Each structure stands twice: as structure tokens, then as C-alpha cells.
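Me: Could you take me through this structure step by step, with the reasoning behind each answer?

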Amino acid sequence: MDVVALVPAAGRGTRLGAGVPKALVPVLGESLLLRAVRGLLDSGSVHHVVVAAPPDQLGRMGRELAELGDRVQVVPGGDERTDSVRAALDAAERFVPTAEVVLVHDAARAFTPAEVVRAVVAEVAAGACAVVPVLPVADTVKRVDEDGTVLSTVDRSPLRAVQTPQAFTPEVLRDAYACSRDVATDDAGLVERAGHPVRTVPGHSHALKITTSFDLAVAETVLAPAHDSESEVYAESGPPSA
Ligand SMILES: Nc1ccn([C@@H]2O[C@H](COP(=O)(O)OP(=O)(O)OP(=O)(O)O)[C@@H](O)[C@H]2O)c(=O)n1
Ligand SMILES: C[C@](O)(CO)[C@H](O)COP(=O)(O)O
């Protein structure tokens with residue numbers, strides 16, 4: 001199947017506070033952006049990538065990704081994540097009109113294992129119209145009021161923490177974005193609101209979103225070494241088939 005991935009990378013990384021847009025922050029010498037986009041292509045399931053960059057970083061992000069060739073396009077993102085995804089979706093319709101599956105993947109989840117990418121694509125290939133990777137919630141969850149007093153303890157058994165890449169048929173993602181101008185925290189949220197069913201597949205702890213300096217330290221000490229040794233195995237044997 002022809003698969004295009006949209007990579008929102010236009011955030012400022014305020015919570016990380018690195019002084020440059022988060023996608024350009026290096027981990028063991030390579031930016032989150034390069035790692036995220038190369039990870040998608042190396043999965044063997046993704047054929048084209050459209051990156052939404054901060055409008056003032058188009059050239060820099062283009063140069064950052066130049067080694068990956070012309071399967072990667074960089075377009076200006078927007079003020080909110082949903083604006084950036086919308087811009088990338090519009091561009092993908094022009095660059096890759098033949099796409100049969102559209103993924104949306106945070107640049108900030110730069111260490112996502114290839115098996116997660118392949119799992120969401122396989123679920124759409126098997127007939128789902130929308131798929132998200134999820135993990136069980138490990139902590140007890142409570143509702144609290146504005147003063148910080150506990151109101152109740154939530155049953156966590158049906159709760160899941162949601163990751164990316166999220167996979168969609170092009171028609172369903174376009175419909176969700178056409179139906180709503182709201183800001184959503186993830187793309188599947190818009191798809192749910194438009195009335196489409198969303199399936200889940202197992203996520204992975206290494207697909208964590210690099211948000212804070214603690215996450216960056218985890219990336220430098222745990223995630224990048226594991227990811228880089230996996231890439232060396234691919235370099236010797238070629239990427240696994242889709
Ligand atoms: N206007 C925006 C905001 C976010 N993103 C992207 O959406 C992903 C998830 O967002 P988050 O991790 O919250 O990144 P930032 O918005 O950069 O972080 P912060 O809220 O700390 O500024 C990131 O890859 C980010 O670059 C985007 O493309 N456009
Ligand atoms: C899309 C997402 O990564 C799914 O968990 C998440 O909702 C992004 O949230 P953020 O507040 O933009 O970091």
C-alpha cells in the first residue's frame with residue numbers, strides 16, 4: 001500500500017526550553033526530526049513524508065532532512081498542532097495523491113520502534129479506517145476540583161495513553177479535518193468527533209514523547225543507544241519488509 005506520513009514538527013518546545021525548536025534538538029549528535037523521519041522510512045512501511053516546520057525554519061529543516069532524498073517534503077506549519085497537521089495533509093494531497101494510508105507522527109516521538117509503525121499500517125491494510133497505538137495507564141488516576149481536592153478515583157482499567165504514529169485512510173482523515181476547525185490534542189480525537197470508529201494496537205515505551213529535559217535525558221541514555229544499535233542491524237541486513 002502507498003503510505004504517506006505527516007510529521008508535525010512546527011512546535012517551539014517551550015517545556016523543553018532548549019532555545020531552538022524541539023525538532024532540531026540533537027540527541028547523540030542527530031536531531032529528533034532526522035531520527036523521527038528516518039525511523040518512518042526505515043520501517044519499510046512508509047514511502048513518503050511531509051514535514052510541517054516552523055515557517056522561519058523551512059530552510060534549516062529542509063537541509064536537516066536532505067540526506068533522505070526527495071521522498072521527504074517540508075512545508076510551513078501553523079500556530080497549533082492541528083494547524084500543522086492540516087497544512088501537511090493539504091500538501092500531501094498535492095505531492096502524494098495516490099496515498100492509500102496516511103500516518104500522523106510527532107517529530108517528538110523520535111525513537112518509536114519500527115514494529116509500531118508497521119502495526120498501525122497493517123491494521124488499516126486489514127480494513128480499519130483509523131488506528132492509534134496505546135499503552136495501559138500505570139498510575140492511579142483521580143479527578144480533582146479547582147482547589148486540588150480529590151473528587152473521585154477513576155476506574156483505570158478501560159483507560160489507555162495514546163501515542164503516535166496514528167494511521168488513517170485518507171478519506172477519513174480529510175473528513176475529520178473538514179468537519180472541524182477545533183483544536184484537538186490528537187488526530188484520532190477529530191476522527192472520533194466526526195463519527196468514525198478508531199481501533200487500537202499495542203504502543204511501546206520507547207515511543208515516548210520528548211517533552212521535558214527529563215525525557216531528553218532518558219533519550220540520551222536509554223532510547224538513542226537502543227535505537228542506534230537497531231539501525232546498525234538494519235544497515236547490515238536491510239530494513240524488514242512492510
Ligand atoms: N504549532 C505546532 C505545535 C506542535 N507541533 C508538533 O506537534 C508535536 C507534539 O507537540 P509537543 O510535543 O507539545 O511539541 P511543542 O508544541 O513543541 O512543545 P511545547 O508545548 O512544550 O512548546 C511536536 O512534534 C511538535 O513539533 C506542530 O507541528 N505545530
Ligand atoms: C498526539 C499526541 O502525541 C498523542 O499522545 C499528543 O496528544 C500531543 O500532545 P501535545 O500536548 O501537543 O504534546
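Reply: What follows is a set of questions and answers on the fold, the two ligands and the backbone.

This is a predicted model, in which local features need pLDDT of at least 70 and side-chain atom pairs count only at pLDDT 80 or more, while totals for chains, interfaces and linings use all residues. Residues are numbered from 1 along each chain as its sequence is written, chains are lettered from A and ligands numbered from 1 in the order in which they are written, and side-chain values use heavy atoms, with hydrogens and water left out.

Me: How many helices and strands does the chain have?
Reply: Helices (H or I, at least four residues) and strands (E, at least two) are DSSP runs, numbered from the N terminus. On that basis the chain comes to seven helices and twelve strands.

Me: What radius of gyration does the chain have, next to that of a compact globule?
Reply: The radius is taken over C-alpha atoms, and the globule rule is 2.2 Å times the number of residues to the power 0.38. The C-alpha trace spans about 55 × 40 × 35 Å along its principal axes. Because a compact globule of 242 residues would come near 18 Å, the chain agrees with the rule at 18 Å.

Me: Which backbone atom lies 2.9 Å from a nitrogen atom of ligand 1?
Reply: A polar contact here is a pair of N or O atoms within 3.5 Å. A backbone N or O atom of Ala9 lies 3.2 Å from an oxygen atom of ligand 1, and a polar backbone atom of Ala107 is likewise 3.2 Å from an oxygen atom of this ligand. The atom asked for, paired with a nitrogen atom of ligand 1, is a backbone N or O atom of Gly78.

Me: How much of the area of ligand 1 does the protein bury?
Reply: A polar backbone atom of Ala107 is 3.2 Å from an oxygen atom of ligand 1. Accessible areas come from the Shrake-Rupley method with a 1.4 Å probe. Taken alone, ligand 1 exposes 570 Å², and the part buried by the protein is 87%.

Me: Which residue has a polar side-chain atom 2.5 Å from an oxygen atom of ligand 2?
Reply: Among the residues that surround ligand 2, with a heavy atom within 4 Å of it, are Asp106, Arg109 and Lys209. A polar side-chain atom of Asp106 lies 2.6 Å from an oxygen atom of ligand 2, and one of Arg109 lies 2.8 Å from such an atom. At 2.5 Å, the residue is Lys209.

Me: Which peptide bond is cis, with omega near 10 degrees?
Reply: Most peptide bonds are trans. Pro165 is found in the loop between strand S10 (160-162) and strand S11 (166-168). The cis bond is the one from Thr164 to Pro165.

Me: Which residue has a positive phi of about 45 degrees although it is not a glycine?
Reply: Most residues other than glycine have a negative phi. The residue in question is found in the loop between strand S2 (26-27) and strand S3 (30-31). With a phi of about 45 degrees, this residue is Leu28.

Definitions and conventions
A polar contact is a pair of N or O atoms within 3.5 Å; within protein, one must be able to donate a hydrogen and the other to accept it, and residues adjacent in sequence count only if both atoms are side-chain atoms.
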